[in-house]
Amino acid sequence: MVQFRLPKNSRIKKGKVHNSPNDGNFKRLNIYRFNPEKNDNPRLDTFYLDLDTGSQMVLDGLISIKDNIDSTLTFRRSCREGICGSCSMNINGVNTLSCITPIESIAGDINIYPLPHMPVIKDLVPDLNHAYDQYESISPWLKSDKKPLKNKERIQTQEERKKLDGLVECIMCFCCSTSCPSYWWNGDNNKKSYLGPAVLLSAQRWIEDSRDDKTIKRLEKLNDSMELFRCHTIMNCTSACPKGLNPAKAIAEIKKKVALEIE
Ligand code: SF4
Ligand code: SF4
Ligand code: FES
């Protein structure tokens, strides 16, 4: 029988209210909590963040909560300036980077969940192992049989380098893939699965690189009804990218190249 609700053990319960100040300049954050070591459902905990302590971005708020209220709150972060891609999460229904999301840009409560449709390791930390296996499958490195001249770089013209603009800026935050309905449904752990917009944009980065001479092999590998052609041009990926990139366009370019160069 078709199951329309989440299984009982994954339904989100009402969680704890960790602090409840009477007055002051506070913002309410409702945060998804899940601890795999406890045989318990996920829950939504509430924290009141004191805005007078200087938190500017949502990530600052999470760090302040971890430092001052609940040290067990778990999330990824590193650069704090939109470069490393590790602090991606779902904030008020939008997949984005918490370190570049100003608290003041959000009216009302801030509701924070891990990136959707990924297994959760703990709290706001998704398991990205499968996504990184998929990334490895596209060989994200330069492949060339030509040896560079001794002590010389592999040269590109300015026009050749320009073709990589909009591709090399990807920080692998997976905001796009986890916004893509086709990736939700077809990106799972099967032998052949949809690679999703983050991985396909990276594939295009190497396909377009003039220094790489395995373009045809790369296209042949991607010419697959699951890996590439499960993209149905829904465009959620492009709306979601916090770096302003256009993975849907990159995927369309790969499909065009497959059609023109190997079919
Ligand atoms: S354009 Fe393709 S990759 Fe982007 S959201 Fe749609 S189906 Fe997913
Ligand atoms: S394309 Fe954008 S949203 Fe997708 S992984 Fe790269 S930076 Fe993140
Ligand atoms: S902490 Fe590096 S992108 Fe947010």
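1. Let's start with one residue pair in this predicted model. L29 has I110 as its bridge partner in strand β6. A second pair of this kind is I31, whose bridge partner in β6 is I112. Both pairs belong to the pairing of strand β2 (residues 26-33) with strand β6 (residues 110-113): these two strands run parallel and are joined by three bridges.

2. Strand β6 has another partner to look at. Two bridges connect β6 with β4, and here the strands run antiparallel. If you want to find this place in the structure, look for N90, which stands opposite Y113 of β6.

3. Now step back to the whole sheet. In what order do the six strands of the open sheet stand? Reading across, the order is β1-β3-β2-β6-β4-β5, and the pairing is mixed. The edges are taken by β1 (13-17) and β5 (94-97); each has a single partner strand, so one side of each has no neighbour in the sheet. On average, neighbouring strands of this sheet are turned by 35 degrees against each other, with direction ignored.

4. The edge strand β1 deserves a moment of its own. It pairs with β3 in the parallel sense, over three bridges, and K14 stands opposite L44 in β3. How many of the five residues of β1 are buried? The number is zero, so β1 lies largely in the open.

5. Next, see what lies across the sheet. Helix α1 (residues 58-68) lies across four strands, namely β2, β3 (43-50), β4 (88-91) and β6. Its direction makes an angle of about 95 degrees with β3.

6. Away from those strands, have a look at helix α6 (residues 215-222). Its buried residues are R218, L219 and L222. Why do they count as being on the same side of α6? They cover an arc of only 95 degrees around the axis, which places them together on that side. The elements that these buried residues pack against are α5 (196-207) and α8 (247-261).

7. The contact of α6 with α8 can be followed in more detail. Two packed helices are described by the angle between their axes and the distance between the axes. For α6 and α8, the axes come within 10 Å and cross at roughly 105 degrees. That makes α6 roughly perpendicular to α8. The residues that meet are I216, L219 and L222 from α6, and I254, K257, V258 and E261 from α8. Sorted by type, the residues of this contact are five nonpolar, no polar and two charged.

8. One more residue of α6 is worth finding: E220. Is E220 buried or partly exposed? With 13 other C-beta atoms within 10 Å, E220 is partly exposed. Compare its position with that of K249: the two are 29 residues apart in sequence, and their C-alpha atoms are 19 Å apart in space.

9. Finally, here are some figures for the protein as a whole. Its secondary structure comes to eight helices and eight strands. The C-alpha atoms fill a box of roughly 65 × 55 × 30 Å, taken along the principal axes. Of the 263 residues, 31% count as buried. Among contacts with a separation of 6 or more, 67% come from residues 24 or more positions apart.

Methods
Residues are numbered from 1 along each chain as its sequence is written. Chains are lettered from A and ligands numbered from 1 in the order in which they are written. This is a predicted model: local features need pLDDT of at least 70, side-chain atom pairs count only at pLDDT 80 or more; totals for chains, interfaces and linings use all residues. A residue is buried if 20 or more other C-beta atoms lie within 10 Å of its own, exposed if 12 or fewer, and partly exposed in between; C-beta atoms are placed from the backbone. The arc is that of the directions from the helix axis to the C-beta atoms. Two residues are in contact if their C-beta atoms, placed from the backbone, lie within 7 Å. Two strands pair if DSSP finds at least two bridges between them. Axes are lines fitted to C-alpha atoms, for helices over the stretch in contact, and angles run from 0 to 180 degrees between N-to-C directions. Angles under 35 degrees count as roughly parallel, over 145 as roughly antiparallel, 65 to 115 as roughly perpendicular and the rest as oblique. Ala, Val, Leu, Ile, Met, Phe, Trp, Tyr, Cys and Pro count as nonpolar, Asp, Glu, Lys and Arg as charged, and the others, Gly among them, as polar.
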